[in-house]
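Biologist: I should like to learn how to read the features of a structure. Might we take them one at a time?

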Amino acid sequence: MSDYFFARENSPMPMFEVSEEFEEAVYSTRFTFPSKPIPVLAKYRPEEDYEITSIILEPEFSISKVTYNSIDMNNIYGVNWIPIKVIDKGEHDFMMLQLAHEIDIIDHDRSELKRVKRGNISGMRKLVIDVNKLLALPLYKRLIFRDQSWGFHIFYHKSIVDKIMSQNPTGIKFVPIENFNESWAG
């Protein structure tokens, strides 16, 4: 079922973070609408040379404003985009994903879970999706989401991946969920 993908960085990038004063506006499952771009700073930089790519995954999935404006990413169920300004090697305008959409789609019996505590998965060796649960939802409600018991990874539907990849973005690759590797955090 390669209709769903995870995003992975494919080039060296700093770890970016939002200063404490803006954390509530950014790290929220409630949508926020900041009046100006939220500053995002490089905290840890790679030792090797790097460029600011058109997509970054820290602090959350973010698309350069130029790329964002080239594709229609508005009106996706459970999704909001907020403006951020990446400050590293100059200033760069991005749109960052705010996701308030979680659905129950992991097959807990057939997946190989490392640990489940109070209904939350912390570690997985093998990921199996419950296709019946997934297909019970209309497509517009499953374009971008997290699983409600495993909130670490975001699931992207192929139509969203195709839209993003049509712009030849840098800094990212999308990996079919069947290729999930337990060495990925979460």
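Biologist: Is His157 buried or exposed?

Modeller: Buried means under 20% relative accessible area, exposed over 50%, and partly exposed in between (1.4 Å probe, protein chains only). His157 has 10% relative accessibility and therefore counts as buried. The residue belongs to strand E14; helices (H or I, at least four residues) and strands (E, at least two) are DSSP runs, numbered from the N terminus. Please note that this is a predicted model, in which local features need pLDDT of at least 70 and side-chain atom pairs count only at pLDDT 80 or more, while totals for chains, interfaces and linings use all residues. Residues are numbered from 1 along each chain as its sequence is written, and side-chain values use heavy atoms, with hydrogens and water left out.

Biologist: Which residues does His157 touch?

Modeller: Contact means heavy atoms within 4.5 Å. Not counting residues up to four places away in sequence, His157 touches Asp3, Tyr4, Leu139, Arg142 and Leu143.

Biologist: How should one read a nonpolar core, and how many residues has the largest?

Modeller: In soluble globular proteins, nonpolar side chains tend to be buried together. A nonpolar core is a set of buried Ala, Val, Leu, Ile, Met, Phe, Trp, Tyr and Cys residues joined through side-chain atoms within 4.5 Å. The largest one here has 24 residues, and those with the most contacts inside it are Phe61, Met73, Trp81, Leu97, Ile144, Tyr156 and Phe174. At least two residues of this core come from each of strand E1 (4–9), strand E6 (79–87), strand E7 (91–99), strand E14 (150–157), helix H4 (158–165) and strand E15 (172–176). Another core, of 15 residues, lies apart from it and includes Phe16, Val26, Tyr50 and Ile82.

Biologist: What is Phe174 in contact with?

Modeller: Leaving aside neighbours within four places in sequence, Phe174 is in contact with Phe5, Phe6, Ala7, Phe61, Tyr156, Val161, Ile164 and Met165. Ala7 also stands opposite Phe174 in E15. Four of the five residues of E15 are buried, leaving the strand mostly covered.

Biologist: How does one read the pairing of strands?

Modeller: Strands of a sheet pair through backbone hydrogen bonds, either parallel or antiparallel. Two strands pair if DSSP finds at least two bridges between them. E1 and E15 run antiparallel and are joined by five bridges. Strand E3 (residues 38–44) and E6 run parallel, with four bridges; Ile38 has Ile84 as its bridge partner in E6.

Biologist: In what order do the six strands of the open sheet stand?

Modeller: The order is E2-E3-E6-E7-E5-E4, with mixed pairing. Strand E2 (15–18) and strand E4 (55–56) each have a single partner strand, so one side of each is left without a neighbour in the sheet.

Biologist: Where in E6 is a buried residue to be found, and what does it touch?

Modeller: Val79 is in strand E6 and, at 12% relative accessibility, counts as buried. Not counting residues up to four places away in sequence, Val79 touches Phe31, Leu97, Gln98, Leu99 and Ile144.

Biologist: Which backbone angles deserve attention?

Modeller: Lys89, in the loop between E6 and E7, has a positive phi of about 55° although it is not a glycine. Asn168, in the loop between H4 and E15, has a positive phi near 50° and is likewise a residue other than glycine. Lys89 is partly exposed at 44% relative accessible area, whereas Asn168 counts as exposed at 65%. A cis peptide bond, with omega about 5°, joins Glu58 and Pro59.
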